[in-house]
Each structure stands twice: as structure tokens, then as C-alpha cells.
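Biologist: I am new to this structure and would be grateful for a close look at one part of it. Please explain the terms as they arise, and set that part within the whole.

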Amino acid sequence: MRHLMHRHLGKAVAGAAVALTGTAAMVAITLPSDAGATGGTERSRPAAAAQGRDQGPPPPGVVEKAPAEGERGRGRDPLTDDELRRAEELALPPTRRGATADVTGRSGPERLTTDLAELTPAETGLADPPRRALVSFYDYTSDSYLTKTVNLTTSKVESTDTQHGVQPPPSRAEAVEAARLLIAAPLGSGLREDYHQATGRDLTGPEPLSVTGFVYRGRAEGDAPGALGDCGEHRCIRLFTKVKNGQWIDTRRFVIDLSARTVARLG
């Protein structure tokens, strides 16, 4: 009932139409034997060998030490590691336990992104404009999307925005937790069977898988029957799933509601 589909490594497999007759389908990826690093045709072996003899062995590689990173960037430099840490600490002051929760239920919202914020028009011409970070979170206690603008020059939070029904792309931690819920659910039996067929081992957790999550917004994307009706207000995820160093397993028809911690199937 499962269909193996071979395709060129350079093509995108995530958007391809994968035949789905059971609960999941596996896709094998092969590398063509004539694939070259430059994409051109391969020279004849005798000619290549002769050239190699003429030029001699290549010089040994040299690993250069990365330049030291300062605590603070300048202008539109990317945020440094120290700035990233400070921005998240400033955006998340201590709160009472249980006031917010991440995807696993631990205290504190789920961290999503930390990016360099845009300058105001009046600041664009300054030689040393203030450094700001835009920090975003998802709070599973209130199902809300939080964004805070942190001024790294003054160490102050300049603005806070809270929205409901807004679903940004999921973090890696959210995708992994969605896979964990799917594997443990009755509807995850096809995923478990396909993994066993591909590897000969039992799948008991998400560690052997590479997973990428994308948001499912429920009625905003069409029919959302039954348990899927809350998606959009709830944090719902679909997955691209792959055995690490192995085959793809199609799990796109499963929707994992991370807010309710339930699994449903489309169609």
C-alpha cells in the first residue's frame, strides 16, 4: 500500500505530490551516478587522471579561526550572540509560575524568533543608531502571539504587542513536539509502521526523524471538520517527516493541535 518514489536530489520533495493510499507513504531519494559538483559533464577519466598527475596533489586545507565577535554590533550588523541573549532576557522578565507556558507546558512562553528591528526614519541617517531587537513568542496558556521591541542600547522594552488568532511559522521545538504527539497517537500507526519498514526498528519518539512544521489555520484554509474547527485560534501544525539519512514519510494529512494536544486527519 505504500509507494516508493525516486526523485533527483536537487528537486524539492516537500511540495511534490506523494501518493497516499494508507496512513503514510515513503519516498526514497537517490543521487544520480553522473551528478557533478558543477553540474557540467564529467571529463573522461584518462584526461582527468593525466591532469592530476601534471598538477600534483592539492595543498592541505587550512582552517582559519573565526574573528572575535564583540558584545555589541554597530549599525545594521546582525545581532551578536550577546545581544540575542540580552534581548530574550529583557523581553522575558520573571513572572508568576503558570502565567504563561511553552509547547511542552513548562512555565514561560515558547520562544520563536529574535531579529534586528527596523530603524525609525529619523534614525536612518545617524552614524551610530540605537540597536533594537524584535523578540516573538507564543503563549500556550492564552493561545496568544507576543512580540516585544527591546532597545539594546538602553536595555528597556519599548513596546509589547499581544495578538490572538495570529499563527507565525512554528519553531523547531514545536515541530518536534508535534511529531512526538503524532507518534504516540492511534493515528500515528502508519508513521510507526513505515518507519519500521524503512529501518527495521520501532519508532518510540521523534529523535530518529527530521521534521519540519508548517501552520494549519483551519477554516481559513477551507473545510475544517470536527476536531480541526479550533485550528487558527489554536496552534495547529502539519509536518514534513523524514527518516534521518533515509526516506521521506508523508505525514502531511495529519494535523496536530498543540494547544489541545490532539491529532486529527484531513480528508
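Modeller: A residue is called buried when its relative accessible area is under 20%, exposed when it is over 50%, and partly exposed in between, with a 1.4 Å probe and protein chains only. By that rule A185, on which I shall centre this account, is buried, because its relative accessible area is 11%. The structure is a predicted model, in which local features need pLDDT of at least 70 and side-chain atom pairs count only at pLDDT 80 or more, while totals for chains, interfaces and linings use all residues. Residues are numbered from 1 along each chain as its sequence is written, and side-chain values use heavy atoms, with hydrogens and water left out.

A185 lies in the loop between helix 3 and helix 4 (189–199); helices (H or I, at least four residues) and strands (E, at least two) are DSSP runs, numbered from the N terminus. Helix 3 covers residues 172–184 and has the highest confidence in the chain, with a mean of 98. That figure is a pLDDT, the predictor's confidence in each residue on a scale from 0 to 100. Apart from neighbours within four places in sequence, A185 is in contact with R192 and V263, where contact means heavy atoms within 4.5 Å. The C-alpha atom of A185 is also 9.5 Å from that of A264, although their positions lie 79 residues apart along the chain.

Another loop is of interest here, namely the one between strand 9 (254–257) and strand 10 (262–265), where R261 is placed. R261 is partly exposed, because its relative accessible area is 39%. The phi angle of R261 is near 60°, a positive value in a residue that is not glycine.

R261 leads on to V103, which has R261 among its contacts. V103 sits in the loop between helix 2 (81–91) and strand 2 (110–116). With a relative accessibility of 4%, V103 counts as buried. Its further contacts, neighbours within four places again set aside, are E110, Y140, A173, E174, E177 and L258. V103 and S171 are 68 residues apart along the chain, yet 9.8 Å separates their C-alpha atoms.

L209 offers a view from a strand, as it is found in strand 6 (residues 209–215). L209 is buried, because its relative accessible area is 3%. Beyond four places in sequence, the contacts of L209 include I183 and Y195. The others are L203, T241, K242, V243 and K244. In space, L209 and I249 are 9.7 Å apart, C-alpha to C-alpha, against a distance of 40 residues in sequence.

Two further loop residues complete the comparison. D143 belongs to the loop between strand 3 (132–139) and strand 4 (144–151), and it is not a glycine although its phi is positive, at about 50°. D143 is buried, because its relative accessible area is 13%. G75 is placed in the loop between helix 1 (45–55) and helix 2. G75 touches L116, P129 and R131, residues up to four places away not being counted. From G75 to T124 the C-alpha distance is 9.2 Å, for 49 residues in sequence.

There is also a covalent link to note. A disulfide is a pair of cysteine sulfur atoms within 2.5 Å, and by this rule there is 1 disulfide. The cysteines C231 and C236 form it, with their sulfur atoms 2.1 Å apart. The torsion about their S-S bond is about -80°, which means that the disulfide is left-handed. C231 and C236 are both buried.

Finally, the whole chain. There are 4 helices and 10 strands, running from the N terminus as β-α-α-β-β-β-β-α-α-β-β-β-β-β. Of its 267 residues, 40% are buried. Among contacts between residues at least 6 apart in sequence, 54% join residues at least 24 apart. The mean pLDDT is 81, and 76% of the residues reach 70 or more. Confidence is lowest in strand 1 (residues 26–27), at a mean of 44. The pLDDT is below 50 over residues 1–50, a stretch with 75 contacts in the model beyond near neighbours in sequence.
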